[in-house]
Amino acid sequence: MNKYIFSIRSFYLTITAIILLGFSACKIDEILDPNGPSLEAIVNNASRSDLQLVVTGTESLLGKQINFYYFTTGIIGRDLYLFTSADPRYTGEILGRAESVLDNAGFYGTRPYSGRYITIRNTNILLEAVANNATKLSLTTEEVNAYNGFAHAIQAYELHLALNMQYQNGIRVDVADPDHLGPFLTYDASLTAIQSLLETAAAELGAAGTSFPFTLSSGFSGFNTPSSFRQFVKGLQARIAIYQGDKNAAQGFLNESFIDVAGDLYAGPFRHYSSASGELINEVYRTANQSEALVAQPSYVADIEPGDDRISKVASRDTIALDGLTSTYDVVVYPTLSSPIWFMRNEELILIRAEARIGTNNAGAVDDLNAIRNAHGLPDYSGATDDASLTDEMLKQRRYSLYAEGHRWVDMRRYGRLNQLPIDRVGDDVWQELPRPVTEVQ
Amino acid sequence: MKKTRLWLFFVLMTCGGWVQAQFTASGTITDAESNPLVGVTVSIRGTAIGTVSDIDGKYELNVPTSSATLEFSYLGYSSATYAVTSGENHINVSLSEDVTRMEEVVVTGLASSVKRTNLANSVASVPASEISGITVPTTTEAALYGKFTGVNISSNSGAPGGGMSFKLRGTTSINGSSQPLFIIDGIYLDNSSIKPGLNAVSKAQAGGATTNQDNPSNRLADIDPNDIEKIEILKGASAAAIYGSRASGGVVIITTKRGQSGKTTVRLSQSVGVASILNPQGVREWTEERVLGSNFASKIDLYRQSVTNGQIHNYEDELFGNNGKLYNSRITVSGGNDQTQFYVGGTYKDEEGIVRNTGIQKESGRVNLNHKFNDWLDASISTNYIHSSADRGFFNNDNTGTTMGVALTSTPSFAQILPDANGNFPKNDFAASNFLETAAKITNNEEVNRFIGGGSLTARILSGQHHNLKLILNGGADYYNLNTTAIFPNSLQFERDGNGLNGVSLQGSTKNLITNMSAFLVFSHYALNGISSVTQFGVSQGDFNRNTILGTASNLVGSQTNLDQSGTRDLDQDRLLQHDRGFFGQEELNYKDKVIATVGLRGDKSSNNGDVNKFYYYPKASIALNLHEFFDFGSDNLNQVKLRAAYGQSGNFAKFGSKFTTFTSGIIDGKPGIEIDALLGNANVAPERQEELEFGADIGLLKNRLLFDITYYIKTVSDLLLEANVPWSSGFITRVTNAAELQNKGVELGLNYEVIRTSDLHWNTRVGWWKNKAEVTKLLVPSYTTGGFADFLGQFRIKEGHSPTEIIGVGANPDADGYVVYGDAEPDFQMSWFNTITWKNFDLAFLWHWKKGGQAINLSTLLFDLGGTTHDYDKIDLDPAHVLGNGPYRVSQIGVNSDVMIEDASYIRLREVGLYYTLPESFLKDVKLKVGFSGTNLINIFKYNSYDPEVSNFGSDGLSSQVEVNPFPSSKRFDFHIVAEF
C-alpha cells in the first residue's frame, strides 16, 4: 500500500510561490523619511520658500529652551525662585543649598545651552543653503547680504547668551562644521569674536538694500528692514562693549542703535509667543497665586524705593514656602502665555548709555538715570555723582528696570559684586558660572 | 488528470523496489483512565509512514515490512514505542500524561520542530494550563511572570490595560529596543506603545528627562491569554537566529488553541473578583508641632479646625482605595471531524482599577479552523478580533503638579478636598490640582479595534516511505486602529482660572498594519539505522506601516471636547514604514536520536538599514548528544543524559528614522518654519548584531520523574546602536552610531520533580533559578549617564567594563567620573517555585517568585519628602546621627548623597495561587463543573519604600526600567471561578 503522492498542482504552486517571494526578496526601494524634510534637500536644493522656512524656523528656535535661561539666571541672580513640587533642583543646587553643587548634565544649564546652539545650527544651514543655491535662485548680492546679515546677527546673539551662562569657561564660537568644531575661546576672546560677528552682520546689513527678501514675525516689527534690523545689531554691539568694559565703543554703537531717551521703554525686538494653534507659548509664565509658582526673592520688594512703579512687576500672593524659602510675591513680568520676551529694549539702551557715560560724562549719566527714574514715577537722582555712587545707582536701576530679564546675575558679576547678592539659607552659594556641559567636557 | 497519473506511475516505477511483506497493525489508544485519545500520531520509526487515531481512539496502519517499531505520540502525553510483527499486530496502548513536558515539540526552524528530548537549545515553554489555568491574568505578559528561567518581565505601572517590559537573558540594547519579537500563529504581532500626548498637560519632558513619560500600555496586552495553547520563548540568538534581524531581544512564539476532531465540547467559565492596592504606604500623621515646623505653618488654623471637626483624611486611601470589581466571562467551543476542526473562543472582560474611573473592558473573539482538503493539502486559519477600552488615569512624572500621584505628595491629611454634597470639588491649596477632582473628571482612554488573521497552507508534494517534501505557505496580517482620548476639562483646578491651558482635549488615532508572508520547502528524510534529516529553505517578507495622528486642542469651548471646539489646536503626525526581505535555510541531522545536529543561515535586508539592499547574514549551529542512547547506564533511575551546545547570531534594527537627519516644524506668528532636529542621523546605520553561545545539559532521573537542566550562555551584542551625545555646540544633541559592545553571561537552572504520583494524589514541583550579568565590553564614545533625570537623582552609566544598568549617583568618595556606584538595576538572581497538587477532586497550584537584588531609583518618596507628607517622614532610622526624621534627612541628602533614593528592589511574591474543586460527575449529568478561588500577588515581601519595586516611569524604552515617579500603584486580586464543560 505504500505510495508516492505527487501533485502537479502543488508543484506549480511551489514554483509560483518561490518565484513570487524570491523576486520580491530581490530589491527594496529606499524610503524617504515620511516625517519631515531632510537636511540634504534643504542644503543642496533649496527654493526661495525653503529659505523663508529656515528663517522662520530660526526665529522659532530663538524662543525655545529659553525659559530655562531666565529661570537659571534669575535664580542665581536672586531675582526670583521657582517653586515646583516636581523638581528639587530649582531650590537645591541652583541656589547651592548645603553641599550641593551644579551638575554639568543638569537640564537647567544644558537645555538653554544646547538650545542656543541648535538655533546657530539652523542659521549655519541657512548660510550654507544660501551659498549653495545663490546662483540657481538668482539671488542678488543684496539678498545674499540680507540672509547672511540676519544669520550672523542671530548667531552672535545666541552665542552671547551661551557665554553669559559659561562666563570664564568660555565657549566655542566656530561651530560651522559639526564634525570639526572650533576650539573653546576664553571669555574675553569669546566676547571679541561675538563683537566681530556682530560687526560682520552690521556690514552685511548695511549692504543689503532696503528690504529683506524674507519676512519676520511681528516680534521684529519696526526691525524688519536691513537698516532697522542693523539698529538692533548696533544695540547688541553696545551691550557686548560694556561687557568688554569698552565704554567708549559702547557709546559709538549706541548712536547707531534704536536708543530713544524719550521713547517707549519697551520699544525693541522680542520673541513672539502666542497661545494660538501650533505656536510657541511663553514657558516662563506661571499662573499667579498657585502652589506651582514663580515668586520674587523677598529683597526685590524690601529694597524698592517708595513710589517706584516697577513694584508692579511682582504681585502680592498667599505666603508660599518650600525647602526653607518663603515668598509673598509672584513674579508677573510675563503675565500670560503669550507675553513677549524681549531680545533687547530701549530701556536697556538708555541704561547702557548711562553706564558708558560714568567716568567721562557723569552729568550725562545722571540725565539718563533720571530719564529711567522719572519714567517709573521716581524723582530725580539726588545722591552723590562720583563714579562709584553712580555705578551703584546704575546697577540698582538696571536691577529694577530689567528685572527677571536675565541681567542681574551678569551685571553683579561684571562688577565683581556676586558676594552682595542676598543669601537666603545658611550654606547657600552664588555661582559664578554654570559648569561646561557634560558633552563638551569629553 | 491523465498526466498526473502518468507522473505517478513514473515515480512509482523509479522509486519502487521495497520489500513486499506487509501487514496491518491496529489497536486502541487510551489515556491512563481508559478514555479514548483522539488524534494520536502513530508512525513507523525511521519512516514517514503514519496515521492518527480516530474518534474512538482506534488506529490502523499498514506496515510495509514484516516487523516494525511503532511510535505513539500525542501533545501533552509521554510518547510510547511498541514493536509489532505480522503475528502480533494488535496493540492497545495507554499513554500517560507528560507532566514533565519532555515529549513536547519545540520549534527549531521556521517550518520545523523537534521533540524536547532532542532539542539542542534551552527553549522555555509554558502550556495553557499554566498561562490561564490558575488565575485570571490581566494580560498575556502578566501570565508569564516567573514561569521562564532567564526571562525578566517587569510591569511599568499598575494601570489597567498593562504596560510591561521584557528582558530575555539581560539587556540586549541600550538605545534600541530590548523587547522581543512576538509571533502568534506565524503572524508578526505589533507590540508598540503609543503615547496619548499627556505631556501637553504634565510637561513631564520639560525637565531633566526628555523622553516620553505618558506610560501607554503595550499592544501585546490585546491578546487574550485564554486562547493560548502554548508560549515558547527563544531567549537568545542561538535559538532565535532563524528570525534574523528582528530577534535580538529574543522571540516569543505564541500558539493558540485549535479544535480536535471528535465530540463538540463547550466550556463556559465565569470569574468574579476584586482588586485592591498591593502595598499602601500610609500617610504622615500630623501634630501641631509638626505643622508649625513644616511648609504648612501658615495653615495651622486649618489644621486645628480639621482636627476639631474630625476631618483628617487618609488621602492615599481616598485616591487608591477603590475596590475594583473584576468580571471575566468566557466561552470556548471546539470540535470537528476528520476533515475540519474548529475552535471558537470568546471573552468578555470588565475590570475596574483601584483608582476611581479607571478600568478596562475587553471583548475578544477567536475562530481557528483546520481543514484537510485531501491527502496532500492542509490549511489552517487563525482569526482574532479584539476590542478593548482601557481607562488608565493620569500618573507618573510631571512638571506641573497635575498628575494625581504628584499632587498627592504635597497634600497633607488635614487638607479639605473632598467634594461637597453637590459633588463640587474644592480647590486644593496644597497642590496644583485636586487629585480627587482629577480622578473624577479626566479621561485617559485607549481604545483598540484589532484584527489579527493568518493562515498557512501545507502541501505534501512528495511523500514516500523514507522521505517527504512539503511546501508550506504562511501569511498573516495584524491590523489595528488605536484611539487615544485624553480629556482635561476646563473646570479642573489646573485648567481653570488662568491655570494650564483652559481645558485640553487630546485625540490620537493610530493605524497599524503589519503583513508577513513566507514560503518554505521542507524535505524530510527518515532512516531507521542511518541519519535522518530535515532540510528546509524558504523566503520571507515583512511590511510594517504605522501612522499616528495626534490632535491637541486647548482653550476648550465650555465643556466641549471635539478638537474643533477649541481656541488652540495642534497636530502631530508620526509615520513608520519599513520593508524587510529575507531567506532562510537549515539542515537538521539526527543520528538515531543519539546525535542531533543543526546548521542554518538567515539572510535579511531592510529599508531601515543605511544600505537597503545589503543582506546581513545570521548563521546558527547546534548539537545535542543523548548519552543515554549511546550507553546503557545500567540503572532504571538514570534515564536521560543530554549534553547540548548551540551557537547563533541575530540582529536588531535601529529605531525607525535613525538614518535620517530631519527638520521638524515650528510655527511663529502664523507662519511655518523648519527647525533642525536634535538627532543627527546616520546614513550608514547598520543593525546591532548579537552572537550567542549556549551550553547545557539535561538529566532525567527516577524514570524521568526528576528532571534537571542547566544552561550557561554567553551573549555578545556588537555594533550596539547608541544615541550617543555629541558636543552640544554642534547644534545636535545626539547621533545614532554603532559604537559599543556588551556581553551578557548567565546561568539557568531548572528542576522538575514529580514528587508524588498516586491515583488520588499527584504533586509536581518545579524550581527555576536564573542569573545574568552584563558588561559593556567596548565603548567607542566617552562614557555617559542616561535613563534617569539627573546624576544626583540616580542614573544609569554606560561605561566600558561596567554593567550597562549600573546605577550611579553623587556622594562621598566618587570615582574618576565623579560618581558613586549605588547598585544595578539587574537582579542578583531570580528564582521561581511552581507547584501543582491534585488530591481527588481538588487542584491546587501556586507560584512563588523571588527576585533577589537589583536596585530601583525611588523618586516617589523624594517627592513625598519635598511635599512633607511621607508616611515615614518623622520616623528616625536613616540619619546616622539619629537627629533628623527620615523625610528631612532624605531632603538634606539631595544633591549630596544619592544613596537615599536608590533602593533595593528585591521581592518575594506569591504570584499566583489557585484552588479548584471539580464536582463529581454525579452532580450534574454530562457536565463537568469546577469551582475555585485564585489570587494574584496575594503575598508580597519587600523592603522597597514605595508601592511596588517593579516599576518604570519611562515605559519599555531602552534601559530605563526601575525608575519610579509616582506611578499608578500595583494591585493584587482575588477571584472566584466557576467553569462548566459539556
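Before anything else, a definition: a strand, as I use the word today, is a run of at least two residues that DSSP assigns as E, with strands numbered from the N terminus, and two strands pair if DSSP finds at least two bridges between them. With that in hand, please keep in mind throughout that what we are looking at is a predicted model.

Let me start with chain B as a whole. Its secondary structure comes to 12 helices and 48 strands, and the C-alpha trace spans about 105 × 70 × 60 Å along its principal axes. How does the radius of gyration of chain B stand against that of a compact globule? For 982 residues a compact globule would have a radius of gyration near 30 Å, and chain B has 30 Å, so the two agree. Buried residues make up 55% of the 982 residues in this chain, and, if we take the contacts in chain B with a separation of 6 or more, 69% of them are between residues 24 or more positions apart.

Now to the strands, beginning with β35(B), which covers residues 734-757. On the one hand, β35(B) is joined by 18 bridges to β34(B), residues 706-725, and these two run antiparallel; within that pairing V717(B) stands opposite L742(B). On the other hand, 17 bridges join β35(B) to β36(B), residues 761-779, again antiparallel, and here L749(B) has W769(B) as its bridge partner. Through how many residues does the hairpin join β35(B) to β36(B)? The hairpin uses three residues to do so. There is also a parallel pairing, in which β32(B), residues 679-680, meets β35(B) over two bridges, with L680(B) opposite R735(B). As a general reminder, strands of a sheet pair through backbone hydrogen bonds, either parallel or antiparallel.

A little earlier in the chain, β29(B), residues 638-652, is joined to β28(B), residues 616-626, by seven bridges in the antiparallel sense, and A624(B) stands opposite R644(B) there. The strand β29(B) is also joined to β33(B), residues 688-701, by 14 bridges, and that pair too runs antiparallel; in it, K642(B) faces D698(B) as the opposite residue.

Turning towards the N terminus of chain B, we find an open sheet of four strands in the order β3-β2-β5-β6, with antiparallel pairing. Which strands lie at the edges of this sheet? They are β3 (50-52) and β6 (77-85) of chain B, each of which pairs on one side only. Neighbouring strands of the sheet are turned by 20° against each other on average, direction ignored. Inside it, β2(B) and β5(B) pair over four bridges, and I44(B) stands opposite L70(B).

In chain A, I would like to show you one pair of helices, α8(A), residues 226-243, and α9(A), residues 247-255, whose axes come within 8 Å and cross at roughly 170°. Because an angle over 145 degrees counts as roughly antiparallel, that crossing makes α8(A) roughly antiparallel to α9(A). Among the residues that meet are A238(A) and I242(A) from α8(A) and F253(A) and L254(A) from α9(A), and the residues of this contact divide into seven nonpolar, one polar and two charged.

Finally, the two chains touch each other, and the contact takes 98 residues from chain B and 86 residues from chain A. The largest share of chain B's side, 10 residues, comes from β26(B), residues 566-591, while by class that side has 46 nonpolar, 38 polar and 14 charged residues.

Conventions. Residues numbered from 1 in each chain as written. Chains lettered and ligands numbered in written order. Predicted model: local features only at pLDDT ≥ 70, side-chain atom pairs only at ≥ 80, totals over all residues. Axes fitted to C-alpha atoms, helices over the stretch in contact; angles between N-to-C directions. Parallel < 35°, antiparallel > 145°, perpendicular 65-115°, else oblique. Contact = placed C-beta atoms within 7 Å. Nonpolar A, V, L, I, M, F, W, Y, C, P; charged D, E, K, R; others polar. Rg over C-alpha atoms; globule rule 2.2 N^0.38 Å. Buried ≥ 20, exposed ≤ 12 C-beta atoms within 10 Å, placed from the backbone.
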